[in-house]
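This report describes one protein chain, beginning with its helices and sheet and then turning to its pockets. The sequence and the structure are shown below.

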Amino acid sequence: MSHYYDAHPDATPDEREISYHYQQHELSLTTDAGVFSRDKVDFGSDLLIQTFLNEHPPGQLKRIIDVGCGYGPIGLMVAKVAPHDHITMLDVNHRALALAKRNAKANGISNVTIQEGDGLAMIEDEACDYVLTNPPIRAGKLVVHQILTDAYRVLKTEGALYVVIQKKQGMPSAKKKMDEVFGNVSSVKNSKGYHILKSFKS
C-alpha cells in the first residue's frame with residue numbers, strides 16, 4: 001500500500017474537482033487518490049494560509065518555499081493573493097506535482113516553480129524569505145525534523161519558518177526542535193488542536 005509521501009503512489013486514479021476560498025480569492029483545484037487530503041483543503045493547510053497571509057499582506061517581492069505542496073493549495077493561494085511574490089513548491093509525490101502544475105495553469109498562476117524535492121535538500125543556502133510547510137507527519141519524525149533543520153539553512157537572515165502541526169501528532173517535539181535550531185519559536189495561532197509554529201532566523 002502506498003502513501004501520499006511516496007514518489008509514485010499506486011492508488012487507482014480517481015480525480016475530482018474542489019474549490020477553495022480565501023477572502024475574495026478562489027481556486028479551482030483538481031485532486032486525486034494518492035495525494036494528501038484530496039476531498040477538500042484540510043483544516044491545517046487552511047489555518048496556515050490564513051495565518052501567513054494575515055501576517056504578511058502583499059508588499060515587496062518575497063521568495064517563499066512551500067514544502068510538501070501536494071496538489072497545491074498553500075503555494076497557489078499565496079501566489080494568487082501575492083502575485084508579486086515567487087513561490088517554489090516542492091513534493092516527492094509525482095502525482096501531486098502533476099496536479100499542482102495543472103492547477104497552477106488552470107487558475108492562471110505563473111509566479112510559481114513546481115518541482116520534485118525531497119524536503120529542502122536541493123535548495124541553496126539563504127535562498128528564500130519564508131518557508132511554509134504542512135509537513136508529512138506520517139513519513140515520520142526524522143523526515144519532519146530534517147525539514148525543520150534545513151529551513152534554517154535555506155532562509156535569509158530575518159526570514160521565517162511557518163509550520164502547521166497538531167498537538168497530538170508531534171507538535172511538542174517539533175516546537176522543541178525549532179527552538180534548538182533557530183533559538184526561538186512561538187505558537188502564533190492555534191485552533192482545534194492545530195498549532196502554527198513560527199521561528200525566525202536572526
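## Helices against the sheet

In this predicted model, helix α3, which spans residues 94-106, lies across β4 and β5 and runs at about 165° to β5. Helix α5, formed by residues 171-182, lies across β7, β8 and β9 (194-200), and its direction makes an angle of about 5° with β9.

## The open sheet

The strands that these helices cross belong to an open sheet of 7 strands, whose order is β5-β4-β3-β6-β7-β9-β8 and whose pairing is mixed. The edges are taken by β5 (112-116) and β8 (186-191), each of which has a single partner strand, so one side of each is left without a neighbour in the sheet. When direction is ignored, neighbouring strands of this sheet are turned by 15° against each other on average.

At the β5 edge, the pairing of β4 with β5 is parallel and extends over 5 bridges. Within this part of the sheet, Thr88 has Thr113 of β5 as its bridge partner.

## The largest pocket

The largest pocket of the model has a volume of about 460 Å³. Its lining comprises 34 residues, of which Val67, Gly68, Cys69, Asp91 and Pro136 are the closest to the centre of the pocket. Sorted by class, this lining contains 20 nonpolar, 9 polar and 5 charged residues.

Both strands and helices contribute to the lining of the largest pocket, with at least two residues supplied by each of β3 (63-67), α2 (73-81), β4 (86-91) and α4 (141-154). The largest share comes from α4, which provides 4 residues.

## The second largest pocket

The second largest pocket holds about 270 Å³ of space. It is lined by 16 residues, and those nearest its centre are Phe36, Asp42, Gln166, Gln169 and Tyr194. By class, its lining is made up of 9 nonpolar, 4 polar and 3 charged residues. Strand β7, covering residues 155-166, gives the largest share of this lining, with 3 residues.

## The annotated domain

According to UniProt, in an unreviewed entry, residues 27-198 carry the feature "domain: Methyltransferase small". In the model, the C-alpha atoms at the two ends of residues 27-198 lie 26 Å apart, and the span is 35% helix and 29% strand.

Notes: Residues numbered from 1 in each chain as written. Predicted model: local features only at pLDDT ≥ 70, side-chain atom pairs only at ≥ 80, totals over all residues. Heavy atoms only, no water. 1 Å grid on protein atoms, 1.4 Å probe; cavity = no way out; pocket = protein on both sides within 12 Å on 5 of 7 lines; lining within 4 Å. Points joined across faces, edges and corners; volume = space filled by probe spheres on them. Nonpolar A, V, L, I, M, F, W, Y, C, P; charged D, E, K, R; others polar. Pairing = 2+ DSSP bridges. Axes fitted to C-alpha atoms, helices over the stretch in contact; angles between N-to-C directions. Contact = heavy atoms within 4.5 Å. UniProt positions renumbered as here; feature names shortened; annotations may be inferred.
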